[in-house]
Amino acid sequence: MSLPDLPDLPESADLPDRKETEVRRMLAGPYPLVPPDLAARAADRGRRLLAHRTLLHRLGWLLALLALAVLCWLVMDRPWLPPPAHTTPPVEGW
């Protein structure tokens, strides 16, 4: 694969642009070798990330349902109120 030559741009104040020089050097230099198992490693990492994301989504839904169940129990049972008296209080002053 051959890259086209980059056009020469005018340099300002007789100082070479450091970034442009580095980019030209990297494009002209030897290209690094790609590891042969790169695709397999990327696929494995993608599967792990997807499994973790799925697990977090399921845990989030489970927590939301649990919070809804607790809220329903609190509304129906009202545990903060004292229990009702099963007997009438004694009558005094008759």
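Glu-20 counts as partly exposed, at 26% relative accessibility; partly exposed sits between buried, under 20% relative accessible area, and exposed, over 50% (1.4 Å probe, protein chains only). Glu-20 is one half of a salt bridge with Arg-24, and a salt bridge here is a side-chain nitrogen of Lys or Arg within 4 Å of a carboxyl oxygen of Asp or Glu. This is a predicted model, in which local features need pLDDT of at least 70, side-chain atom pairs count only at pLDDT 80 or more, and totals for chains, interfaces and linings use all residues. Residues are numbered from 1 along each chain as its sequence is written, and side-chain values use heavy atoms, with hydrogens and water left out.

**The chain as a whole**

- The chain holds 2 helices and 0 strands; helices (H or I, at least four residues) and strands (E, at least two) are DSSP runs, numbered from the N terminus.
- Of its 94 residues, 1% count as buried.
- Its accessible surface comes to about 9,700 Å², and 68% of that belongs to carbon and sulfur atoms.
- Accessible areas come from the Shrake-Rupley method with a 1.4 Å probe, and for residues only the protein chains shown count as cover.

**Salt bridges in helix α1**

- The chain has 4 salt bridges by the rule above.
- In the pair of Arg-24 and Glu-20, the closest N and O atoms are 3.1 Å apart.
- About one helical turn separates Arg-24 from Glu-20, because they are 4 residues apart in helix α1.
- Arg-24 is partly exposed, with a relative accessible area of 26%.
- Arg-18 forms a salt bridge with Glu-22, and their closest N and O atoms are 2.9 Å apart.
- Both of these residues lie in helix α1 (residues 18-28), 4 residues apart, which is about one turn of the helix.
- Arg-18 is exposed at 54% relative accessible area, whereas Glu-22 is partly exposed at 33%.
- As general background, an α-helix has 3.6 residues a turn, so residues three or four places apart point the same way.

**Helix α2 and its salt bridge**

- Helix α2 covers residues 38-77.
- With 40 residues, α2 reaches 58 Å from its first C-alpha to its last, close to the 58 Å expected at 1.5 Å a residue; the expected span is 1.5 Å times one less than the number of residues.
- Asp-44 and Arg-47 meet through their side chains in a salt bridge, at 2.6 Å from N to O.
- These two, Asp-44 and Arg-47, are 3 residues apart in helix α2, so about one helical turn separates them.
- Asp-44 is partly exposed at 35% relative accessibility, while Arg-47 is exposed at 53%.

**A nonpolar patch on the surface**

- Leu-63, Leu-66, Val-70, Trp-73, Leu-74, Trp-80 and Leu-81 make up a nonpolar surface patch, with about 730 Å² of accessible area together.
- Patches are made of residues with over 30% relative accessible area and no salt bridge; like charges are joined within 9 Å, and nonpolar side chains (Val, Leu, Ile, Met, Phe, Trp, Tyr) within 5 Å.
- Leu-63, one of the patch residues, has its place in helix α2 and counts as exposed at 58% relative accessibility.

**Just after helix α2**

- Arg-78 comes just after α2 and takes a positive phi of about 50 degrees.
- That is a positive value in a residue other than glycine; in general, most residues other than glycine have a negative phi.
- Arg-78 is partly exposed, with a relative accessible area of 46%.
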